[in-house]
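This report describes a ligand site and the empty spaces of a protein structure. The sequence and the model are shown first, and the description follows.

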Amino acid sequence: MDFEKLAQLDAADPLAHCRAQFVIPADTVYLDGNSLGLLSHATQARVAEVTAGQWGQDGIKSWNKHQWVQLPQRVGEKLAPLIGAAPGQVVCCDSISVNLFKALSAALSLVKQQDEGARPRHQVLSTRDNFPTDLYMVQGLSSIVGSERCELQLADESELLANPQAFITEQTAVVLITEVNFRTGRRLPVAKLIEHAHRVGARVIVDLAHSAGAMPVALDAWQADFAVGCTYKYLNGGPGAPAFIYVAKRHLPAISQPLAGWFGHANPFAFEADYEAAPGIEKMLSGTPAVLAMAAVDAALDSFTGVDLQQLRAKSVQLSELFLDLLESTGCANEFRCISPAQSHERGSQLSFAHDDAYAICQALIDAKIIADFRAPNYLRVGFTPLYTRFTDIGLAVERLAQIMADKSYLAPQFQQRHKVT
Ligand SMILES: *Cc1c(COP(=O)(O)O)cnc(C)c1O
């Protein structure tokens, strides 16, 4: 491994200075920011300040004094530029799953108003290989409103891309598309799919779980209708950090959503018996914000200040290409089947490799302080987070992976035992 050359790449990296903002576990190469991003020093300090300083000293006064009550909007506005959204369209709240339920309901509420007829649009089209919770939420909504209002339709990802008009039809109410496939890292052409959907009058919900903070996203320019995403992956908001939801401004007046909690009310502190939705994006809120968790997200987003997302994407591509090149040069590449697309523009910020012993290999890697993860049935995933991953780290990761493959140390019994979280 030519570490001198890798050090030169690090020295020339315009994002190299970002790494110092993060708490990096000692001697560890962290290639799992696509699952749980690392803690930043600013986040650590903010959580201490919000607990000891705000809650500890000011108690309930903090809702006003420290503007806790505005956190969902404030964090939403801070996030908006990272996903190409103009102000007034994003709030931070709940999980992706819950936000999807709201977005699906809101999208279907538009169908009722505009397209009522003998056979209203009722299909929610998604990909079979989508993250399961996305599909489960459609099934859950369907169980309430009935399949004549909401029916999940699954397409094979490749077939959908090859022939979108065969799947997106006059029956389609919503296309629910995740930009980056969590298993394969394949990046779908969202703008093109939105165009197809709009041509036949369907709406689109985009899931940005593996996009936000990893690459430029252009929701407004794409004319997306709705979007959801999480903040604990590439945005480094912390374990279980609240997610976000985007609604295009043009839809805000007409939509409604059924998780009509008091924080989505036009006047929550009037405590009226009847629900009246807030006029703006606040109508997507339900209950009290998780202040500690949301303060962490707020601080985490500061590490993106001044970061050029094109530059971030360029480094992500460079890191993944380097990983592939180095793996090839070690000679162990042919033991794996890379299931990620060969072309970098068709990938998100991760690579996935199939191997019968992927779980054990992943455990052996973690034991060697290279943090990757495993996804069933047999995929080893490595994620690339340009803010804190160095080119040198990629060299270390491939070197240790090659070692593990050469000495077959992954066959040791301690690496075979499955944990609950993989
Ligand atoms: C990570 C991820 C989720 C997680 O959903 P939560 O409800 O926030 O746990 C959902 N969808 C996709 C595509 C994901 O990658």
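In this predicted model, an oxygen atom of the ligand is 2.5 Å from an N or O atom in the side chain of Ser-97. Two further side chains, those of His-210 and Tyr-232, also place a polar atom beside a ligand oxygen. The table lists these distances.

| Residue | Distance from a side-chain N or O atom to an oxygen atom of the ligand |
|---|---|
| Ser-97 | 2.5 Å |
| His-210 | 3.0 Å |
| Tyr-232 | 3.3 Å |

On its own, the ligand has 390 Å² of accessible area, and the protein covers 87% of it.

**The shell around the ligand**

Ser-97, His-210 and Tyr-232 belong to a shell that also contains Ser-95, Ile-96, Phe-131, Thr-133, Asp-134, Thr-178, Asp-207, Ala-209 and Lys-233. By class, this shell holds four nonpolar, five polar and three charged residues. Two helices, H5 (96–114) and H6 (132–145), each contribute at least two residues to the shell.

**The largest pocket**

Where does the ligand lie with respect to the pockets of the protein? The space that the ligand takes is the largest pocket. This pocket encloses about 360 Å³ of space. Its lining consists of 30 residues, of which Phe-131, Phe-182, Ala-209, His-210 and Lys-233 are the closest to the centre. Helices H5 and H6, together with strand E12 (373–375), are the elements that give two or more residues to this lining. The lining of the largest pocket is made up of eight nonpolar, 11 polar and 11 charged residues.

Several names recur in the two descriptions. Phe-131, Ala-209, His-210 and Lys-233 surround the ligand, and these four residues are also among those closest to the centre of the largest pocket. His-210 additionally has a side-chain N or O atom 3.0 Å from a ligand oxygen.

**The cavities**

How many cavities of 30 Å³ or more are counted? There are two of them. The largest cavity holds about 40 Å³ of space. Its lining is formed by Gly-213, Tyr-234, Asn-236, Phe-304, Thr-385, Pro-386, Leu-387 and Tyr-388. Five of these lining residues are nonpolar and three are polar, while none is charged. The lining of the largest pocket, by contrast, includes 11 charged residues.

How values were computed
Residues are numbered from 1 along each chain as its sequence is written. This is a predicted model: local features need pLDDT of at least 70, side-chain atom pairs count only at pLDDT 80 or more; totals for chains, interfaces and linings use all residues. Side-chain values use heavy atoms; hydrogens and water are left out. A residue is near a molecule or strand if one of its heavy atoms lies within 4 Å of it. A polar contact is a pair of N or O atoms within 3.5 Å; within protein, one must be able to donate a hydrogen and the other to accept it, and residues adjacent in sequence count only if both atoms are side-chain atoms. Accessible areas come from the Shrake-Rupley method with a 1.4 Å probe; for residues, only the protein chains shown count as cover. On a 1 Å grid over the protein atoms alone, a cavity is a set of points where a 1.4 Å probe fits but cannot get out, and a pocket is an open set with protein on both sides within 12 Å along at least five of seven lines; lining residues have an atom within 4 Å of a point. A molecule sits in a cavity or pocket if more than half of its atoms lie within 2 Å of its grid points. Helices (H or I, at least four residues) and strands (E, at least two) are DSSP runs, numbered from the N terminus. Ala, Val, Leu, Ile, Met, Phe, Trp, Tyr, Cys and Pro count as nonpolar, Asp, Glu, Lys and Arg as charged, and the others, Gly among them, as polar. Grid points are joined across faces, edges and corners, and a volume is the space filled by probe spheres set on the points.
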